[in-house]
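These are my notebook entries on rings and charges, written for someone opening this structure for the first time. I wanted to know what surrounds the aromatic side chains.

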Amino acid sequence: QVQLVESGGGSVQAGGSLRLSCAASGYTSGGMCMAWFRQDSGKEREGVAQIYAGTAGGIAYYSDSVKGRFTLSRDNAKNTVSLQMDSLRPEDTGMYYCAARGGACVSRLRAISYNYWGQGTRVSVSA
């Protein structure tokens, strides 16, 4: 059973930074595509960033809304991906969810393509 455990999150003022981490366990079939999504009250779930976490390497892909401000990195030895969020804005507020699927990243941040989800961690950015 694949488990994703998120950590990080919290409350900051606009312009501040936060770092989220997601640790994956239970997947034994090779690399995974791992991503972060977010959702705020009354809004649809939005893809933030994704990366292939495996020995073949991978380049992170970002949504336009976070490009240049967020950085997604991976630690294959620890089966962990981390999302460094800088220059945070109030519109970045929401629940952030780690997601994963076995194998390659096959879509650009489409939630339906991910099989595994974490419980979420809250990010709140005040003006």
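Entry one. I began with Arg45, which lies over the face of Tyr97, 4.1 Å from the ring centre; I keep in mind throughout that this is a predicted model. The charged end of Arg45 also sits over the ring of Trp117, at 4.8 Å from its centre.

Entry two. I then turned to contacts between rings, and the count came to 3 aromatic pairs. One of them joins Phe37 and Tyr114, which I found to be edge-to-face, with 5.4 Å centre to centre and 75 degrees between the planes. Phe37 belongs to strand E4 (residues 32–39), while Tyr114 is in the loop between strand E9 (94–102) and strand E10 (116–117), so this pair ties together parts that are 77 residues apart in sequence.

Entry three. Are Phe37 and Tyr114 buried or exposed? I looked up both, and Phe37 is buried, as is Tyr114. The relative accessibility of Tyr114 is 5%, and because buried means under 20%, Tyr114 falls in that class.

Entry four. I followed Tyr114 to a further partner, Trp117, where the ring centres are 6.5 Å apart and the planes stand at 70 degrees; planes over 60 degrees apart count as edge-to-face, so this pair is edge-to-face. Trp117 has 28% relative accessibility and therefore counts as partly exposed, whereas Tyr114 counts as buried.

Entry five. Putting the ring pairs together, I noted that they link Phe37, Tyr114 and Trp117 into a cluster. Trp117 is also where I return to my starting point, since the charged end of Arg45 sits over its ring.

Key:
Residues are numbered from 1 along each chain as its sequence is written. This is a predicted model: local features need pLDDT of at least 70, side-chain atom pairs count only at pLDDT 80 or more; totals for chains, interfaces and linings use all residues. Side-chain values use heavy atoms; hydrogens and water are left out. Rings of Phe, Tyr and Trp (its six-membered ring) pair if their centres lie within 6.5 Å; planes under 30 degrees apart count as stacked, over 60 as edge-to-face and the rest as tilted. Helices (H or I, at least four residues) and strands (E, at least two) are DSSP runs, numbered from the N terminus. Buried means under 20% relative accessible area, exposed over 50%, partly exposed in between (1.4 Å probe, protein chains only). A charge sits over a ring if NZ of Lys or CZ of Arg is within 6 Å of the ring centre and within 35 degrees of the ring normal.
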